[in-house]
Structures are given as C-alpha cells and as structure tokens.
Amino acid sequence: LKALFCRRTWIITSPSSTAPCAHHTSSFSRMLPQYQHATSFFGNETPLSEGVGYAIVLGFGAFFSIMTTALVYLDRKANGSEQTSEQFNTAGRSVKTGLTASVIVAQWTWAATLLQSSNKAWTYGVSGA
C-alpha cells in the first residue's frame, strides 16, 4: 500500500493505482505515463546553466537600458523637449479622469486577486489554486 496526502487527507491506495484520489483521476488519465508522479519535466537536469541565466537577465537589462537612453536622446534632439521627473511622473498633466479611474480599478482588482489566490492555495493546495 502507498499513502498519499491530498487536500488535507491521507489516502491509502494500492501500489498499482495511478490516480491517488477521485478528483485526480481525470488529470492523471490525460497525462502521459512517463510524466506521472514526476517532479520536473526536465528530470534532474536544468535546461540552461546558471551562467546562461545571468547572461540573459543582464543582457536584456543592458539592452533595454541602452535603448531607452537612445530614445530619450533622439527625442531631445528631434523635438527639442526636455523631460523632467515631474513630466514623467504626471504624463505632463494630460491624463484624463477615465484613465485614472481604470488604473485605480485595475490596482484594486490585482490586490484582491492576489489575496484570493493565496487563500485558495492554502485551502486546496497549489494545484487547486
């Protein structure tokens, strides 16, 4: 017999059973047999080395920093406008009420979604969230 912990309940099944409990039956039947009970798609190997990961992150950071600096420089040369931090933060005071209201609603929705998803993860586990 094998014991599995699912949804805050211990389930005892036979060693030949592929689905640990009733609500997992459908997801296990759709999964290829070689991936059932696997903890990672890549096995014990990572697809990229740590050095490559750092190079990608730093490379993208450097690229977008240089691109942003070049665009600001070209805007200053072409339009003759000087951007201050106040103009950047307030969009030159040109944002209307509708856009401001939609931003506030989006921020409130994001916070509620984040809190609710962590609540569901606590209740049902990570796979149920």
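Which residue just after α4 takes a positive phi? In this predicted model, the residue is G125, with a phi of about 90°.

Let me stay for a moment with the helix that precedes G125. Helix α4 covers residues 97-124, which is 28 residues. At 1.5 Å a residue, a span of 40 Å is expected, and the end C-alpha atoms are indeed 40 Å apart, so the two values agree.

I turn now to the aromatic side chains. The structure holds 2 aromatic pairs. One of them joins F60 and F64, whose rings are stacked, at 6.2 Å centre to centre and with 15° between the planes. Where do F60 and F64 lie? Both belong to helix α2, residues 50-79, and they are 4 residues apart, about one turn of that helix. As a general matter, an α-helix has 3.6 residues a turn, so residues three or four places apart point the same way.

The rings of F63 and F64 also pair. Their centres are 5.0 Å apart, and because planes over 60 degrees apart count as edge-to-face, the angle of 70° makes this pair edge-to-face. Through such ring pairs, F60, F63 and F64 are linked into a cluster.

How accessible are these residues? F60 has a relative accessible area of 52%, and is therefore exposed, since the class begins over 50%. F64, at 41%, is partly exposed. F63 likewise counts as partly exposed, with a relative accessibility of 46%.

To conclude, the cluster consists of F60, F63 and F64, while the span of helix α4 agrees with expectation and G125 follows that helix with a positive phi.

Methods:
Residues numbered from 1 in each chain as written. Predicted model: local features only at pLDDT ≥ 70, side-chain atom pairs only at ≥ 80, totals over all residues. Heavy atoms only, no water. Phe/Tyr/Trp six-rings, centres within 6.5 Å; stacked < 30°, edge-to-face > 60°. Helix = DSSP H or I, 4+ residues; strand = E, 2+ residues; numbered from the N terminus. Buried < 20%, exposed > 50% of the residue type's maximum accessible area, 1.4 Å probe, protein only. Expected span 1.5 Å × (residues − 1).
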